[in-house]
Amino acid sequence: MPPKKSTPKAVSKPGKSTAPAKKKTAEKKSTPSSSTSKVTEVTKEIGELNVKDINKVCEVNFKDINNVLLKDEGGPLQTDGRWPYVIDPSPHSMVATFLRYQNVNYINGLDSIQMQAEPLRRALLAAIRYGKPLVLDMMDTDVFTTCTDKFNEIHTGLMDDIMSKEIIKNEKYTCLIRGTDGDEYNENRFLDEYKNFKFIILSKIEPEKTLKEKTCVIRVVMEN
C-alpha cells in the first residue's frame, strides 16, 4: 500500500497579523452643555455692562439665576463692581420665592415691621457677619427713597455706604454692632466671611435713572 502524502501546513506571511482586525471606535469630543454656554454668554454680557453702556439691561434666564446672581459664575458682578438690581416681571414673583429658600436674609421693603430700624439693623449685620446676601424686595413699588431713609435711621449715610460697598471696607460695619448683640457679633468674630456679603435689590419695575446708574440691572426672563 503506497504511503500517504503529507499536506504542507499553511505558513502565515511575515508582516501580516492573522488576528481579526478590531473596529476603531470613534472618540467623542466633549462639548459644553447648552446651559453652561448660556451662562457664559450672560456673564460676558454683564461683565461688559459698565464698559459699553451704563444704562443697558442684561437679560438672564430664570434657570440661570442661581449661577449668575448668587454664585456669580465667572465673576462678572464682581468685575462690574455694582450691586445687582433684579427685575422680576413674573406674575408669581418666582425670583423672590426662589431667593427665600436660599441662604439669604430677605427683607420685604413694604413690610412696616421688617423695615423698622432694629430688625433691619440685625438683618444687615447678620448678612455681613456670615457673608450672606441681603435681599431688599420692593415688589411693584418704587420705595427705594423710603428704604434709604429707614437704613439711614440706623446710621447716618448707611445706604450710601452699602451701595458703594464702603460698609465692608476698613471694618466700617462695626457701626452696626450694639452691646446687646452678644459675643457672636464681637468685632473679633468678623473673619473673612464678610467679604462674601452681597446686597440684592429685587423689584417688578424698572429702576429710576439714578438707581439704574448705581446698580447692575438684570431682567429675569422665563424659558420659552
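Biologist: What is the bridge partner of valine 86 in S5?

Modeller: The partner is leucine 202. This is a predicted model, where local features need pLDDT of at least 70, side-chain atom pairs count only at pLDDT 80 or more, and totals for chains, interfaces and linings use all residues. Residues are numbered from 1 along each chain as its sequence is written, and side-chain values use heavy atoms, without hydrogens and water.

Biologist: Why are S2 and S5 called paired?

Modeller: Pairing requires that DSSP finds at least two bridges between two strands. Three bridges join S2 (residues 84–87) to S5 (residues 198–203), so they count as a pair, and they run parallel. Strands here are DSSP runs of E, at least two residues, and helices are runs of H or I, at least four, numbered from the N terminus.

Biologist: What makes S1 and S3 edge strands?

Modeller: The open sheet has six strands with parallel pairing, in the order S1-S6-S2-S5-S4-S3. Strand S1 (58–61) and strand S3 (105–108) each pair on one side only.

Biologist: Why is the space lined by Asp88 called a cavity?

Modeller: On a 1 Å grid over the protein atoms alone, a cavity is a set of points where a 1.4 Å probe fits but cannot get out; lining residues have an atom within 4 Å of a point. Among the lining residues of the largest cavity are Asp88, Asp137, Leu202 and Lys204. Its volume, the space filled by probe spheres set on the points, which are joined across faces, edges and corners, is about 60 Å³. The whole structure holds one cavity of 30 Å³ or more.

Key. 1 Å grid on protein atoms, 1.4 Å probe; cavity = no way out; pocket = protein on both sides within 12 Å on 5 of 7 lines; lining within 4 Å.
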